[in-house]
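Work through the exercises below with the sequence and the coordinates at hand. Each task is followed by a solution in steps.

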Amino acid sequence: MLQLKDVEVDFSGRKIFAGVNWHIRPGARIGLCGENGAGKSTLLKLLCGINHCDKGDVIVAKGTTFGYLPQDGLSYKGKSLFEEVRSACAELLEMSEEISRLETQISQDADEKLLERYAHLQDLYSQRGGFTLETDIAKVLNGLGFCEDDWQKPCEQFSGGWQMRIALARLLLQRPNLLLLDEPTNHLDLPARNWLESYLSQYPFSVVLVSHDRFFMDQVVERIVEVWNGALSEYPGNYSLYLIERDRRVAALREQKQRQDEEIERIEAFINRFRYQANKASQVQSRVRQLEKIERIQIPPQRKKIAFKFPQPSRGGKDLLVLEQAGQRYGDHQVLKDVDLTVTRGERVALVGANGAGKSTLMRLLAGSEQPSEGQRIEGHNLELAYFAQDQAAVLTPERTVLEEITASSPVDMVPRLRDVLGTFLFSGDDVHKRVKVLSGGERNRLALAILLLRPANLMLLDEPTNHLDLQSKEVLLDALKSYTGTLVFVSHDRYFVDQLASRIIDVSGGGISSHPGNYADFLSARQAEGCDDHSEQRVEHLNSAIASEIPAATKEQRKQEHAQRKEQQKQQRKLEKQLQQLEADIETAETHQADLEQQLADPELYQDQAQFSQLSDQHRDQAEALEGMYEQWEKLQHDLTTLAE
C-alpha cells in the first residue's frame, strides 16, 4: 500500500536516509526501533507527507488514508470532548445528514434514483460503522480513561497529556488504513495502555509505531524495522524476538566482515607483490577493479552496556513505613480514605491504577511531603528515604551545568563515575555542559532522577521514573533496581518494567487501596478470575514462554545444522589459509633463487664457459616454469577461499 523507492533525506548536512527501499503491506503491524536521533520520527513524518524526501519517491496506493499521532504539541478547544471526538468522523456525519435529507424527499416523492442513492448510502453507512458510531465513541473514550462526566467538558479544560488522548481517540475513530503513532503510550496509564494494546492487536488495517514501552511493542507489533546509519533493516516477530535475531545477525555480519577484510588483504597483497611485473600487469589491474567493486560491510555499533549500581544502603527496621487509617482531601474533594499500608523491608511495591486515582497523592503521604488529613504516618527504625516526584526537576539550580549540578549533589566516591551515570540517562558529549535552564522538561526529569539515585537510601519512592527514558536506559535502570538491596515503592506505566520488578501490587482506586502479591501479570490474572475487567483483559503469559513458543522446533534444528556447517566451513578455511601461507613462503624462496640466477646470467664472464651457461639457463627456465605453476596454484587457493567465504 506504500513504497519507499531510493529515498534520501538530508538534514543540516547529515544524511538521515540514504537510498532506502521499503514496502508497507496491507494489515502490517510494524514497530520502529533505533537510537535517539536515528530518524524514527522523521520516517513517520515522511510516510504521512509532512516531510518530503530530497531524492527518490514515496509511492502511495490509491485509496490509502493516513492517521498520524505526533509525540506532543496537539491541543483542542471550542468544543466539548464528545463533540470534538465525534467531529473526527466528518464523512460519516455528512453521510448521516444526506440520509436524513433523502428520507424527507422520499416521503414526499419516492423517485427511483433517490431510492437507489438512499440504499447505496445506507449500505455504505452501515459498512463504515455509522449505526454504531455513538457506541464506538463511548468505548474509545472509556478505554482511554475518560469518564462519562468528562464528555461534556470543554476540551480546553484538559491538560497536555489528556489533549494527546483526545487526539488519539479522534484517530482511532477515523480508522485510517495506515495508522502512524509516535510514542502513543507516553500519556497513558496502565489500564489505558492495556486497552490500546488490545485495540491495536485487533486493528484491521496497517499500523506503524514508535514506542519505548517494550511490553506494548511485544504484544502489538509483528515486525520490527531498525533505523540505523541511513538504512532500514527488517526483523520478523516482536521486540523480544528482534533482540535475539539482531544479536545473531550482527554476529553473522562480524564473521562476514572478518572474511571480507581477509579477502581484501589478500587482494592488496597480490597487487603489491606483482605491481611491477610486466607479465602480471593484466592480473594486477583485474584485482584493482575487483577491489573497487567490493561493497564494504558495515556493522551496527556495539551497544554500550553501562553497568550502574546503587550505593549500599544501611539496614532499616522490618516495617520501614506505615500508614494507619490515612486519608487525604483537598477542599471538598476526598482523594484517599482509610488507607492501611505497611511497607516491609526488602519489598518492591508497585502502585497501579488509572490517572487521577490517587497514586501520586499516596506517594506524597509515604514520602512525608504531605501530611494526611486524617490517620497517621509512622516511620520505622533507621529509615533513610529518597523520593523522586513527578515534578522533581523543579528543585534543580537553573544556572548550573548538568555536570556541575550532579557533582554538587554527589558523594565523593561517586564523582569518578558521574559521566557514566549521565550517559545512562542520555547525557553524553557536550550535553553535560548544557545549563539546566535550557534543558527540556524530559531532560530535567532525567537529570533529577540521576541525582537522586547517587545517594544511599534504604527506602526509595519513585513516581514515574521511566518517563522520558528510551528502551536502553530503561534496561539500565531496571538492572540497577534489580540489584538494589533496599526497599522500593514505585509508580510506572511501563508494563514490562512493573512485571520485571514488582513483588507486590497496590491497586489504587475508588479512594482506597487493595494489596496483591506478585507482579502485574499475577495481579491481572487474579482480577480476571474475580470477573473484574477494569484493567482490561490481557494475555499474561510470561514473556520467555511466549518467545519460546514462537520459535518452531524446525527452526531450532535448522540453526544446529547451520552451526555445524559454519564449523566445517571455518575448518576448511583454516586449512586453505595454512596452505596459502606455506605457498607464499615457497614463492618468496623461489623468487629469491630466480633473482639470483638472473644476476649470474647477467655476468658477461659466464658466456666464456658454455657448459656452465647452459646449466644456469636450464635452471632459470625450470625455475620460471615452477614459479608459474606456483602462481597458478596461489590464484586457485585465493579463488577457493573467496568461494568459501561467499
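**Exercise 1. A strand residue with positive phi**

Does Gln325 count as buried, partly exposed or exposed, and what is its relative accessibility?

Solution. The model is a predicted one. Step 1: Gln325 has a relative accessibility of 41%. Step 2: buried means under 20% and exposed over 50%, so at 41% Gln325 counts as partly exposed. Step 3: for its place in the fold, look to strand β10, residues 319–330, which contains Gln325. Step 4: the backbone of Gln325 has a phi near 50 degrees, a positive value in a residue other than glycine.

**Exercise 2. A loop residue with positive phi**

Describe the backbone and the surroundings of Glu183.

Solution. Step 1: phi of Glu183 is positive, about 55 degrees, although Glu183 is not a glycine. Step 2: the residue belongs to the loop between β6 (178–182) and α7 (190–201). Step 3: with a relative accessibility of 5%, Glu183 counts as buried.

**Exercise 3. Classifying ring pairs**

Find the geometry of the pair Phe82 and Trp151, then that of Phe490 and Phe497.

Solution. Step 1: a pair of aromatic rings is described by the distance of the centres and the angle of the planes. Step 2: the structure holds twelve aromatic pairs. In one of them, Phe82 and Trp151, the ring centres are 5.7 Å apart and the planes stand at 35 degrees, so the pair is tilted. Step 3: this pair links distant parts of the chain, 69 residues apart, with Phe82 in helix α2 (residues 81–86) and Trp151 in the loop between α5 (133–143) and α6 (160–174). Step 4: Phe82 is buried at a relative accessible area of 13%, and Trp151 counts as buried at 13% relative accessibility. Step 5: for Phe490 and Phe497 the centres are 5.9 Å apart and the planes at 85 degrees, so the pair is edge-to-face. Step 6: Phe490 is buried at 1% relative accessibility, and Phe497 is buried at 2%.

**Exercise 4. Salt bridges between elements**

Which elements does the salt bridge of Arg170 and Glu84 tie together? Treat Arg117 and Glu98 and Arg223 and Glu234 in turn.

Solution. Step 1: a search of the whole structure finds 24 salt bridges. Step 2: between Arg170 and Glu84 the closest N and O atoms are 2.8 Å apart. Arg170 is in helix α6 and Glu84 in helix α2, so the bridge ties together parts 86 residues apart in sequence. Both residues are buried. Step 3: Arg117 and Glu98 meet at 2.9 Å, N to O. The pair links helix α4, which holds Arg117, to helix α3 (residues 90–108), which holds Glu98, across 19 residues. Arg117 is partly exposed at 36%, and Glu98 counts as partly exposed at 21%. Step 4: Arg223 and Glu234 form a salt bridge at 3.4 Å, N to O. Strand β8 carries Arg223 and strand β9 carries Glu234, so the pair ties together parts eleven residues apart in sequence.

**Exercise 5. An enclosed helix**

Why is helix α11 (residues 359–367) described as largely enclosed by the rest of the structure?

Solution. Step 1: seven of the nine residues of α11 are buried, so the helix is largely enclosed. Step 2: the buried residues include Lys359, Thr361 and Met363. Step 3: just after α11, Gly368 takes a positive phi of about 85 degrees.

Definitions and conventions:
Residues numbered from 1 in each chain as written. Predicted model: local features only at pLDDT ≥ 70, side-chain atom pairs only at ≥ 80, totals over all residues. Heavy atoms only, no water. Phe/Tyr/Trp six-rings, centres within 6.5 Å; stacked < 30°, edge-to-face > 60°. Helix = DSSP H or I, 4+ residues; strand = E, 2+ residues; numbered from the N terminus. Buried < 20%, exposed > 50% of the residue type's maximum accessible area, 1.4 Å probe, protein only. Salt bridge = Lys/Arg side-chain N within 4 Å of Asp/Glu carboxyl O.
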